[in-house]
Amino acid sequence: LLKAFNSYWKTKLSNDQLKERGADFDKVRIGMIEDLNLLRDEYNKLNASTQDQANSEEKRASDRKKAQEKFTEFKHLEQQIIEFNKNAQKALGDQSYRLRKNRFEEVQEVISAKARELGYDLVIDSSYDDKLSRTPSVLYTNGKNDITAVIIELLNKDAAGKYKPAKPAPEEPAAPAPIDQ
């Protein structure tokens, strides 16, 4: 199941869509951080001006008020960035879940249809992923009845462009075994 899922062109398309959405969020986040840095710089300049004895008391009081306003803007934008990050992570997580769920359902539908066509009574998921704390459903198989390649071919039959899988290279015939005399 995992091999078919990862080889499915729509899984690759979904992953690309998630990367694009993440990149869009990153662009917005970077813009917000740049704005935050500008506010910090403006605040620091105004704050320095409030300490400068060369300025009149009136100018220092005015700059103190402006510095306080910049500080309030800074804190507000800082909170907006925190909320944006939280919402962006949730949106990406939700989209990832929906896309993965849909792709798994599509793969399972193709597996079920092919298994019925072949007259199988049972298909067992023997995939193993060392990144997941999941044990395989089958501890031994000789691979004789493995339909994974057929499933991947069926899943990818409508793929186009960069998602179209490369044709496997034809296998070369084995060299003849030496004859003992």
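**Salt bridges and nonpolar cores**

User: Which description fits K86: buried, partly exposed or exposed?

Analyst: In this predicted model, K86 has a relative accessibility of 48%. Buried requires under 20% and exposed over 50%, so K86 counts as partly exposed.

User: With which residue does the side chain of K86 meet in a salt bridge?

Analyst: The partner lies three residues away in helix α3, about one turn of the helix. Its relative accessible area is 33%, making it partly exposed. At an N to O distance of 3.3 Å, the residue that K86 meets is E83.

User: How many residues apart are K162 and D16?

Analyst: These two residues form a salt bridge, with the closest N and O atoms 3.1 Å apart. K162 belongs to the segment after α4, whereas D16 sits in helix α2 (residues 9-51). The pair thus links distant parts of the chain, and the separation is 146 residues.

User: Which of K162 and D16 is buried?

Analyst: K162 has a relative accessibility of 65% and counts as exposed. The other residue has a relative accessible area of 18%, and buried means under 20%. The buried residue is therefore D16.

User: Which element gives the largest share of the largest nonpolar core?

Analyst: This core has 11 residues, including A4, I111 and I151. Two or more of its residues come from each of α3 (57-118) and α4 (148-155). The largest share is three residues, and the element that gives them is α4.

User: How many salt bridges does the structure hold?

Analyst: One of them joins R29 and D26, 2.4 Å from N to O. E42, K70 and E73 are linked in a network of salt bridges. The total is 12.

How values were computed
Residues numbered from 1 in each chain as written. Predicted model: local features only at pLDDT ≥ 70, side-chain atom pairs only at ≥ 80, totals over all residues. Heavy atoms only, no water. Core = buried A, V, L, I, M, F, W, Y, C linked by side-chain atoms within 4.5 Å. Buried < 20%, exposed > 50% of the residue type's maximum accessible area, 1.4 Å probe, protein only. Helix = DSSP H or I, 4+ residues; strand = E, 2+ residues; numbered from the N terminus. Salt bridge = Lys/Arg side-chain N within 4 Å of Asp/Glu carboxyl O.
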